[in-house]
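Hi everyone, thanks for making time. I'd like to walk you through a structure that is probably new to most of you, so let's put it up on the screen.

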Amino acid sequence: MDNTTVPLPTELEMLLQGVTVAIETLAQNSPIAAIKAARSLKLIAQRTARWPAHDARGEDPEKVAAALGLNLDETRALLARFGGWSLYG
């Protein structure tokens, strides 16, 4: 990750790396199980990011984008997806 973005705690970064390796290994023997695992991660992300996305929406968009390592459009799309609101409405 870029040094200009908000850092993740080392323990969480290590867990995420371990999950990545585990899913990639699983995919070699059971692609469908790997898809199920990836879907589980997606559901966890949706569940755990909803309120942080709402909180981040109230902050300076440029600072949020920089902290995430994204441009403004990507940041708006990410927050909308996690927060459950429409970009267009």
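Let me start with the helix α2, which supplies 9 residues to the lining of the largest pocket, the largest share of any contributor. Before I go further, please keep in mind that this is a predicted model.

So how big is that largest pocket? Its volume comes out at about 880 Å³. There are 26 residues lining it, and the ones closest to its centre are L8, A45, A49, L68 and F82. If you want to trace the walls on the screen, look for α1 (10-29), α2 (31-57), α3 (61-68) and α4 (72-83), the elements that each give two or more residues to this lining. And what kinds of residues are they? For the largest pocket, the lining splits into 20 nonpolar, 3 polar and 3 charged.

Okay, on to the second largest pocket, which holds about 160 Å³ of space. Its lining is made up of A56, R57, E59, P61, L72, T75, R76, L79, W85, S86 and L87. Two elements, α2 and α4, give two or more residues to this second lining. Which of them gives the most? That would be α4, with 4 residues. By class, the second largest pocket is lined by 6 nonpolar, 2 polar and 3 charged residues.

While we're here, let me pick out S86 from that lining. You'll find S86 in the segment after α4. Buried, exposed or partly exposed? S86 counts as partly exposed, because its relative accessibility is 45%. Its C-alpha sits 9.8 Å from that of R76, and the two are 10 residues apart in sequence.

Now let's go to the other end of the chain and look at T5, in the segment before α1. T5 has a relative accessibility of 9%, so it counts as buried. What does T5 touch, once we set aside its neighbours within four places in sequence? The contacts are A66, A67, L68 and G69.

Let's follow two of those contacts. G69 is in the loop between α3 and α4. G69 and T5 are 64 residues apart along the chain, yet their C-alpha atoms are separated by 5.5 Å. Is G69 buried or exposed? G69 counts as exposed, because its relative accessibility is 52%.

Then there's L68, which we already met as one of the residues closest to the centre of the largest pocket. L68 belongs to helix α3. With a relative accessible area of 38%, L68 is therefore partly exposed. Leaving out residues up to four places away in sequence, L68 touches T5, T75 and L78. For L68 and L78, the C-alpha to C-alpha distance is 9.9 Å, with their positions 10 residues apart in sequence.

Last topic: the aromatic rings. How many aromatic pairs does the structure hold? The count is 0. Rings do come up in another way, though, with charged side chains placed over them. The charged end of R50 sits over the ring of W51, at 5.2 Å from the ring's centre. There's also R81, lying over the face of F82 at 5.7 Å from the ring centre. And F82, you'll remember, is among the residues closest to the centre of the largest pocket.

So if you'd like something to find on the screen afterwards, try T5 with its contacts A66, A67, L68 and G69. Then look for R50 over the ring of W51. That's everything from me, and I'm happy to take questions.

Notes. Residues numbered from 1 in each chain as written. Predicted model: local features only at pLDDT ≥ 70, side-chain atom pairs only at ≥ 80, totals over all residues. Heavy atoms only, no water. Phe/Tyr/Trp six-rings, centres within 6.5 Å; stacked < 30°, edge-to-face > 60°. Lys NZ or Arg CZ within 6 Å of the ring centre and 35° of its normal. 1 Å grid on protein atoms, 1.4 Å probe; cavity = no way out; pocket = protein on both sides within 12 Å on 5 of 7 lines; lining within 4 Å. Points joined across faces, edges and corners; volume = space filled by probe spheres on them. Nonpolar A, V, L, I, M, F, W, Y, C, P; charged D, E, K, R; others polar. Buried < 20%, exposed > 50% of the residue type's maximum accessible area, 1.4 Å probe, protein only. Contact = heavy atoms within 4.5 Å.
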